[in-house]
Amino acid sequence: MTTTLIISEAKLRQFTDLNDSVDTSLLKNAVREAQDISLQRIIGTKLYQKILSDIDANSLAGAYLTLVDDYIQDFLLYAAYYEALEAIYIRPRNNGLLTPTGGENSIEVDRSLFNVKRQNVQNKMEYYAERLTNYIAEEQASYPELNTNNKLYEQWPDYGSQYRSPIVFSRNAKVGAHYQQAKEAGLRITDSKYKQYPWGSNVE
């Protein structure tokens with residue numbers, strides 16, 4: 001289980017509208033889930049483990065410090081908030097899903113309000129996720145760990161659908177007319193053989 005947190009629950013409160021009444025352990029668990037699930041999916045297992053190791057050793061510096069301070073923390077604020085929302089606003093009870101109103105009191109969940117709030121947080125999370133993705137895609141040379149995952153249980157960085165072509169050619173398509181027409185039209189050509197790279201091995 002991951003015990004090293006990249007952002008604190010105090011920072012989560014400071015930069016979002018979460019108030020001091022929200023349980024600290026709930027927020028810490030939300031940060032852990034956001035790191036393990038959402039962040040690790042974006043940056044891959046090796047880079048994720050490298051960052052946690054540097055934080056533990058108090059040696060986070062250089063390009064890795066820039067990555068954490070300028071990109072990862074912003075993303076984690078809203079990824080953790082997103083993970084926490086359901087536990088904050090909806091509690092499972094014997095008589096269904098309820099919204100706490102203080103003490104032992106609760107009311108039935110207003111799903112429409114909850115969905116509006118969660119969508120708002122998700123929009124911000126996706127904005128910062130795209131910003132983080134674009135950064136590591138452009139700065140791969142600074143982070144060799146992006147391309148060193150080699151075990152089944154190690155996740156490759158997921159650069160997102162914006163770095164995958166919706167048009168598929170066969171392996172020998174480079175000699176075909178359709179390939180040349182796509183290239184002349186300015187479409188980016190990727191090679192799915194090299195899935196660890198956002199644009200394949202040979203950028204056209």
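Which backbone nitrogen does the side chain of Thr 16 reach? In this predicted model, the partner is the backbone nitrogen of Leu 18, at 3.3 Å. The Thr 16 side chain also reaches the backbone oxygen of Leu 12, here at 2.5 Å. Thr 16 itself sits in the loop that links α1 (9-14) to α2 (24-43). With a relative accessibility of 14%, Thr 16 falls under the 20% limit and therefore counts as buried. Setting aside residues up to four places away in sequence, Thr 16 touches Leu 77 and Tyr 81.

It helps to place this loop within the chain as a whole. The protein chain holds 6 helices and 3 strands, and from the N terminus its elements follow the order α-α-α-α-β-β-β-α-α. Of its 204 residues, 38% are buried. The accessible surface amounts to about 12,200 Å², with 48% of that belonging to carbon and sulfur atoms. Among contacts between residues at least 6 apart in sequence, 62% join residues at least 24 apart.

The interior comes next. In soluble globular proteins, nonpolar side chains tend to be buried together. The largest nonpolar core here has 43 residues, and the members touching the most others are Ile 6, Leu 39, Ile 43, Leu 67, Ile 72, Phe 75 and Leu 132. Two or more residues of this core come from each of α2, α3 (45-56), α4 (62-89) and α5 (111-138), and α4 contributes the most, with 16 residues. Ile 72 gives a handy view of the packing: leaving out residues up to four places away in sequence, Ile 72 touches Ile 6, Leu 39, Ile 43, Ile 51, Leu 67 and Leu 132.

Key:
Residues are numbered from 1 along each chain as its sequence is written. This is a predicted model: local features need pLDDT of at least 70, side-chain atom pairs count only at pLDDT 80 or more; totals for chains, interfaces and linings use all residues. Side-chain values use heavy atoms; hydrogens and water are left out. Helices (H or I, at least four residues) and strands (E, at least two) are DSSP runs, numbered from the N terminus. Buried means under 20% relative accessible area, exposed over 50%, partly exposed in between (1.4 Å probe, protein chains only). A polar contact is a pair of N or O atoms within 3.5 Å; within protein, one must be able to donate a hydrogen and the other to accept it, and residues adjacent in sequence count only if both atoms are side-chain atoms. Contact means heavy atoms within 4.5 Å. A nonpolar core is a set of buried Ala, Val, Leu, Ile, Met, Phe, Trp, Tyr and Cys residues joined through side-chain atoms within 4.5 Å. Accessible areas come from the Shrake-Rupley method with a 1.4 Å probe; for residues, only the protein chains shown count as cover.
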